[in-house]
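Me: I would like to go through this model by way of its sheet, its helices and a few individual residues. Could the questions and answers be kept careful, with each term explained where it comes up?

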Amino acid sequence: MSVHLLLSAGRGPQECAWALARLLHRLEADATQQDLETHRADTVPGDRPGTYRSVLIRITGAGAEAFAASWTGTLCWHAPSPYRAGTGRKNWYVIAQPCQVDTPRTTFTEADVDIVACRTGGPGGQHRNKASTAVRATHRPTGIVIVVDTERQFSLNRRIALRLLRERIEHGDEVAERAVTAARRRIHDELVRGNPTRVERPEAPEQDQTPQVPTRRRRR
């Protein structure tokens, strides 16, 4: 089981790209604790080193969908700005949404096409009206139907029908692929600042672990 999660800083300031990088590390650490694998499928760097405008991450393993759901929505990194000391703002927002990456391509084979000879009316002479030279081709996996009667020979109409079916299926795959790409682009503009579904903060600095030597009091 694998899920793709897109994290985006949207049109936010450079601190949001910085926050995205911090949230990404936190997400990857959380996934490791739950025995899930992560892979950064695509990254768009920010203006400053170590920052990201967007990251597409693939999460793989049992429970990947539930894990992605726990990180879906508006994420907030609560920390002072590392770039502007004078600002009092501490909330930097990032959006995370599951998205589809690849669209399955339809494999076209003649074995999946039902060819039926039929008659069609209209002009074309008595031969076209009396003989079943027209072709009705149905692609069973997609349900696409093509009727061709442009030629007076059945074999020619059959060849044309198969070519038109192949072109129609390829066009449908291209349309679906463009729709997936457009849906991913829309995520960048869906960031809503405020009311986050998850708030993360930097870990508190570790206390000094150096053992303390007890002091002895002198007796008077």
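The turns below go from the sheet to the helices, then to backbone angles and rings.

Reply: Before starting, note that this is a predicted model, in which local features need pLDDT of at least 70 and side-chain atom pairs count only at pLDDT 80 or more, while totals for chains, interfaces and linings use all residues. Residues are numbered from 1 along each chain as its sequence is written, and side-chain values use heavy atoms, with hydrogens and water left out.

Me: In what order do the six strands of the open sheet lie?
Reply: Strands here are DSSP runs of E of at least two residues, and helices are runs of H or I of at least four, numbered from the N terminus. Two strands pair if DSSP finds at least two bridges between them. The sheet is open and its pairing is mixed, with the order β2-β3-β1-β5-β4-β9.

Me: Which are the edge strands?
Reply: An edge strand in this sheet pairs on one side only. That description fits β2 (37–45) and β9 (198–200).

Me: Which residue in β3 is the bridge partner of Thr-38?
Reply: Strand β3 covers residues 52–60 and pairs with β2 in the antiparallel sense, over eight bridges. Within β3, the bridge partner of Thr-38 is Ile-59.

Me: What angle does helix α4 make with β5?
Reply: Axes are lines fitted to C-alpha atoms, for helices over the stretch in contact (heavy atoms within 4.5 Å), and angles run from 0 to 180 degrees between N-to-C directions. Helix α4, residues 154–187, lies across β1, β2, β3 and β5, and its angle to β5 is about 160 degrees.

Me: Is Asp-35, in the loop between α1 and β2, buried or exposed?
Reply: Phi of Asp-35 is near 60 degrees, a positive value in a residue other than glycine. With a 1.4 Å probe and protein chains only, buried means under 20% relative accessible area, exposed over 50%, and partly exposed in between. The relative accessible area of Asp-35 is 69%, and therefore this residue counts as exposed.

Me: What is the relative accessible area of Asn-195?
Reply: Asn-195 is found in the loop between α4 and β9, and its phi is near 50 degrees, again a positive value in a residue other than glycine. Asn-195 is exposed, its relative accessible area being 71%.

Me: Over which ring does the charged end of Arg-198 sit?
Reply: A charge sits over a ring if NZ of Lys or CZ of Arg is within 6 Å of the ring centre and within 35 degrees of the ring normal. For Arg-198, the distance to the centre is 3.8 Å, and the ring is that of Trp-71.
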